[in-house]
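Trainee: Could you take me through this model, feature by feature, and show me how each one is read?

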Amino acid sequence: MLKQFSLVFFALFACYVGVNSRELKHITKELEVNAPAYEAWELYRNLGLINIIVPKLPNVQSTQVLKGDGGVGTVAKTTFVPDEAGNSSYTEEFIVIDDKKRVKAAKALEGDCLAFGCSVLIVEFDIKEKSQNSCIIKSIISYAVKKEFEAKDPKPTVAVEAITQASKEYLERNN
């Protein structure tokens, strides 16, 4: 059911931003966490990642909420040490927060692969209950490459794996 929701969401969103859903590429990772799904969701659902986890990553200089209170429509900016591609910030807007399905999605507004050839970048987190005291954090990065950059095959550099690993450590330490 969650897989169907994700597929439908990305197809509809792709149409909204003018990208054929077949053009979207996906990078999916799953990480098991020894903490209840409801605790992981509380961290992910609002500003927990922005305020607690992201600032602890080694290349992050600052995080800032530009608009909103953590709900849909919130815009957040992360500034970091510039990488080899010259990226020094990443701004995203929360576009889906579903408490029932424990799904959160954010659309990149600037930075990351948008600066070097992608036309759209969406990061989704799904929190799935595995047992009463454990869950799976699934991250899905969906992106589309502009035709003129297809030969270079740009890939997102969003630190999703580092974020989920830091989240796991935080949740397991505090559980």
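The dialogue below goes from the overall fold to the sheet, the helices, the cores and a few single residues.

Mentor: Keep in mind from the start that this is a predicted model, and that the values we discuss are computed from its atoms.

Trainee: How many helices and strands does the protein chain have, and in what pattern do they follow along the sequence?

Mentor: The protein chain has 4 helices and 7 strands, and read along the sequence they follow the pattern α-β-α-α-β-β-β-β-β-β-α. Of the contacts between residues at least 6 apart in sequence, 56% join residues at least 24 apart, and buried residues make up 47% of the 175 residues.

Trainee: In what order do the strands lie in the sheet, and which are the edge strands?

Mentor: The sheet is open, with 7 strands in the order E1-E7-E6-E5-E4-E3-E2 and antiparallel pairing. Strand E1 (25-33) and strand E2 (60-67) are the edge strands, each pairing on one side only. Neighbouring strands of this sheet are turned by 20° against each other on average, with direction ignored.

Trainee: How do I read the pairing of E5 with E4 and with E6?

Mentor: One looks at the sense, the bridges and the residues that stand opposite each other. E4 and E5 pair in the antiparallel sense over 8 bridges, with glutamate 92 opposite alanine 108 in E5. E5 (residues 103-111) and E6 (residues 118-131) also pair in the antiparallel sense, over 5 bridges; here alanine 106 has valine 123 in E6 as its bridge partner, while alanine 105 stands opposite glutamate 124 in E6. As for its surroundings, E5 is mostly covered, with 7 of its 9 residues buried.

Trainee: Which residues take a positive phi in the hairpins that E5 forms?

Mentor: In the hairpin of E4 and E5, which has 4 residues between the strands, arginine 102 in the turn has a positive phi of about 55°. In the hairpin of E5 and E6, with 6 residues between the strands, aspartate 112 takes a positive phi near 50°.

Trainee: Which strands do the helices H2 and H4 touch when they pack on the sheet?

Mentor: Helix H2 (residues 37-45) touches strand E4 (89-98), E5, E6 and strand E7 (134-145), and its direction makes about 155° with that of E6. Helix H4 (residues 160-173) touches E1, E6 and E7, and its direction makes about 15° with that of E1.

Trainee: Why can buried residues of a helix such as H2 be said to lie on the same side?

Mentor: An α-helix has 3.6 residues a turn, so residues three or four places apart point the same way. In H2, the residues Ala37, Ala40, Trp41, Leu43 and Tyr44 are buried. They cover an arc of only 160° around the axis, which puts them on the same side of H2. The buried residues of H2 pack against H3, E4, E5, E6, E7 and H4.

Trainee: What makes up the largest nonpolar core, and which residues have the most contacts inside it?

Mentor: In soluble globular proteins, nonpolar side chains tend to be buried together. Here the largest nonpolar core has 38 residues, and those with the most contacts inside it are Tyr44, Leu49, Tyr90, Leu121, Phe125 and Ile127. At least two residues of this core come from each of H2, helix H3 (48-53), strand E3 (75-80), E4, E5, E6, E7 and H4. Leaving aside neighbours within four places in sequence, tyrosine 44 is in contact with Leu49, Lys104, Phe125, Ile127, Ile137, Ile163, Thr164 and Ser167. A second, separate core of 8 residues includes Leu24, Ala105, Ile122 and Ala144.

Trainee: Is leucine 66 buried or exposed, and which residues does leucine 66 touch?

Mentor: Buried means under 20% relative accessible area and exposed means over 50%. Leucine 66, whose place is in strand E2, has 46% relative accessibility and therefore counts as partly exposed. Not counting residues up to four places away in sequence, leucine 66 touches Val75, Ala76, Lys77 and Thr91. The C-alpha atoms of leucine 66 and alanine 76 are separated by 5.5 Å, although these residues are 10 apart along the chain.

Trainee: How many disulfides does a search of the whole structure find?

Mentor: The search finds 0 disulfides. As for single cysteines, cysteine 118 is buried with a relative accessible area of 2%, and cysteine 135 counts as buried at 0% relative accessibility.

Technical notes:
Residues are numbered from 1 along each chain as its sequence is written. This is a predicted model: local features need pLDDT of at least 70, side-chain atom pairs count only at pLDDT 80 or more; totals for chains, interfaces and linings use all residues. Side-chain values use heavy atoms; hydrogens and water are left out. Two strands pair if DSSP finds at least two bridges between them. Axes are lines fitted to C-alpha atoms, for helices over the stretch in contact, and angles run from 0 to 180 degrees between N-to-C directions. Contact means heavy atoms within 4.5 Å. A disulfide is a pair of cysteine sulfur atoms within 2.5 Å. Buried means under 20% relative accessible area, exposed over 50%, partly exposed in between (1.4 Å probe, protein chains only). A nonpolar core is a set of buried Ala, Val, Leu, Ile, Met, Phe, Trp, Tyr and Cys residues joined through side-chain atoms within 4.5 Å. The arc is that of the directions from the helix axis to the C-beta atoms.
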